[in-house]
Amino acid sequence: MTRRGRGVLWLERLVFIVYLGLTLDFTSAQLRYSVPEELAVGAVVGNVAKDLGLDLSALIARGFRIVSGSGAPLFQLSHNGILLLNQKIDREEVCERITACIINIKTVLENPLEVHYVGVEVLDVNDHAPTFSANETHLEISESTLPGARFQLQGARDPDSDMFSIQHYKLSQNDHFRLEVKDRGEDGKIPVLYLHKPLDKEAARSHRLLLTAVDGGKPARTGTMAIIVTVLDVNDNMPVFSKESYTAVINENSPIGTTVIQVNATDLDDGLNGEVVYSFGYNVNNNLRKLFEVNANTGEIIVKGLIDFEAKDRYEIDIRASDKGQVPFATEKSVKISIVDLNDNAPEIEVTSFSSAVPEDSKPGRTVALISVHDKDSGVNGKVICSISEDVPFTITPSSQENMYSIVTKSMLDREHKSKYVVKILAKDASEQSLSSEKTITVTVSDVNDNAPEFSTNPYTFYVTENNVAGAPLFSVSAHDCDEGSNALISYNIVRNAIEHKKLTSFLNINSESGEVIVLKSFDFDTLKTFQFQVQATDSGVPPLSSNVTVNVFILDENDNSPSILAPYSEHGSVNSENIPYSAEAGYFVAKIRAVDADSGYNALLSYHLSEPKGNNLFRIGTSTGEIRTKRRMSDNDLKTHPLVVLISDNGEPSLTATVSIDVVVVENTADIQTQFRHVPIKEDNFSDLNLYLLIAIVSVSVIFLLSLISLIAVRCHRTDGSFSRYSAPMITTHPDGSWSYSKSTQQYDVCFSSDTLKSDMVVFPAPFPPVDGELISINGTDTFTRTQTLPNKDKV
């Protein structure tokens, strides 16, 4: 490369750097870059994150991305915020016939929401050569044409812009023609053939010229077209238009067939040389030919396609008027057509950024979505007003950017009240006959741990039968949390704060997930009748919320104790016998069996049954009293000794029993009957001194017992009313279930009386619960009882 070439290259680079600096407009939150077209995919456009001063470590977390419309995006952002080419850009395809090709990119950062605009200017590269629509064109020029006549030629087309578009035309060397160039602005430069010297048909019947179009590249690119000029005989008048200029105004969307304007041209020649026909000029492109057509005979310009103001608001069309002479003359005139905008486009709504889930504890003013609206119409037809549905806790506010709006919360949210909202966005233009469009977004309210668990019942009351299986779940508690997810995931635990609670609940465990309470020991109603503890339900939110519930447990009695026989028939291994006289009448009292049951309620309600040898119907027993009496008088056929077996059964399920054996001996003389409680079999040995001593001791004890019993009965009969001393009568408390409690100073029993016996007695069994409000029944020595009303018991069970 020569020194001059290197200097020119350096100067071009300097001009490019200055141009790049002028195109970068670092305004508030906006960048502009410049790249040449036809760069390879993946080429670096610019470091957006660095130029905006963004934190690289937060780009991924905040979702730094490009908001693009439909179709494949031209650019992409790398993970470190560098803008890269995603497609190879052809400037002529993206920005056809536009001087400054700028592609606007919208970038978004989430949490908090930020929108930045980046403009990328695509710089033109001289990648296209000028081309003509035809390789050659034909002109017919009469030899009478005077010098100075001009013939407009069809210009070449170069998709490149500015300096790389067509700069000038060259005409091959000849004697008769020169070249002029007409600048038509955005339509480019149009070559005009200028007749410099009159034509002579006899000297040359035709002329062949070469027209070259040159663009502004370095090196320049060219395109050529051959011009064949045929010299004709005289037709010396050209058509002349009636006006110097033509202008027309039509509405967009005008129906096909609508007449836009009619042009008129006249020719002073006669015959065919004076008849004028109309057509499009050579430079009318195909797009215009699709929208308009010209009536060749009348000169009317007629609508042929869809006229859209948003596509283009004005057109300039060349109309050619030609005569029908053998050597036709033609004249071209430009017709300017202006398009009137109509409100034919509804506003377009684009959701730029959208937070589909909003926490329920969001304060008013939180941004939910960012939307942009656009109307392709102009003026009031393109002015848009946005609103949203009123039955939602959101409002819409305009943003600092034009046609940008923010949807924000206007009141507090409650997911438990409503978890999802459908927000309808309405965009309406300001025209009298306005058009509108709608877009719907769904906003979900995400859960926050603002509800503590709630128990279905408070307090809980459970009844557990004694002798339960240790380690098995007996009952369960359940709580519900109105929140969702982990905020509604509940765990259970037993409250063991105080020392008393720890001792009381040491034998309890709870399943933290299901709320099942597991008892680690077997209950015994005789030692524990009721207890109370608390269960706490805690959710898994942050911070967690909890609530407590009180659990009352009552132990129910089970029939696990057999009846116990009381003295004098309770001594183990003893032989019980009773004597009756032979003269005993029916109903004679033989003996009375007494038994108690350690259970309570109906489990302690005893019944007595007599088992006699077959065919012996001499005795009967009171089912509830246990009294054995004769059913009839004795006969000579009856045995002298009657072995009886008494069966005592409780009322439980299943029933438990006990038995006692008694030998009833019939004696002839009543003097032989002695008060005995038991007879111990003795050997038939000689009566010794030891036996005598034993007999005396037994008789003495019996006499002392009888005297004590008589004294006690006498004292009870003479006691004062209402006095309850240490030696007072036993106290019987009635319970709501119908059972009675028999109590002395330190012991309490449940008793049941029978009203159908001749001699009243009682059945004793322990009470299941502490006495409640009821009556006190006092048993007198004469087997009668009186009732005394007790005061209400206010103690809590």
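**Cores, a buried threonine and a small sheet**

The largest nonpolar core here has 27 residues, and those with the most contacts inside it are V260, Y278, F292, I319 and I337. Keep in mind that this is a predicted model. Below we look at the cores, then at T352, then at a three-stranded sheet and one of its residues, L193.

**The nonpolar cores**

- Which elements give two or more residues to the largest core? They are the strands β16 (246-251), β17 (259-262), β19 (276-280), β20 (292-294), β21 (300-303), β22 (314-323) and β23 (330-340), plus the helix α4 (286-291).
- The top contributor is β22, which gives 4 residues to this core.
- If you skip its neighbours within four places in sequence, V260 is in contact with A248, I250, F292, I301, V303 and I337.
- There's also a second, separate core, made of 26 residues, and it includes A479, I490, F523 and L528.

**T352, tucked away in β24**

- You'll find T352 in strand β24, which covers residues 348-354.
- Is T352 buried or exposed? Its relative accessible area is 3%, and buried means under 20%, so T352 is buried.
- What does T352 touch, not counting residues up to four places away in sequence? It touches R65, V67, K106, V108, L370, I371, S372 and M404.

**A sheet of three strands**

- Strands of a sheet pair through backbone hydrogen bonds, either parallel or antiparallel.
- In this open sheet, the 3 strands run in the order β9-β12-β11, and the pairing is antiparallel.
- The edges are β9 (150-152) and β11 (177-183); each has a single partner strand, so one side of each is left without a neighbour in the sheet.
- On average, neighbouring strands of this sheet are turned by 30° against each other, ignoring direction.
- How many bridges link β9 to β12 (residues 189-195)? The two strands pair over 3 bridges, in the antiparallel sense.

**L193, a residue of β12**

- L193 lies in strand β12, and F151 stands opposite L193.
- With a relative accessibility of 0%, against a cut-off of under 20% for buried, L193 counts as buried.
- Leaving out neighbours within four places in sequence, the contacts of L193 are L139, A149, R150, F151, L153, L171, F177, R178, L209, I227 and V229.
- L193 and E180 are 13 residues apart in sequence, and their C-alpha atoms are 6.3 Å apart in space.

Conventions. Residues numbered from 1 in each chain as written. Predicted model: local features only at pLDDT ≥ 70, side-chain atom pairs only at ≥ 80, totals over all residues. Heavy atoms only, no water. Core = buried A, V, L, I, M, F, W, Y, C linked by side-chain atoms within 4.5 Å. Buried < 20%, exposed > 50% of the residue type's maximum accessible area, 1.4 Å probe, protein only. Contact = heavy atoms within 4.5 Å. Pairing = 2+ DSSP bridges. Axes fitted to C-alpha atoms, helices over the stretch in contact; angles between N-to-C directions.
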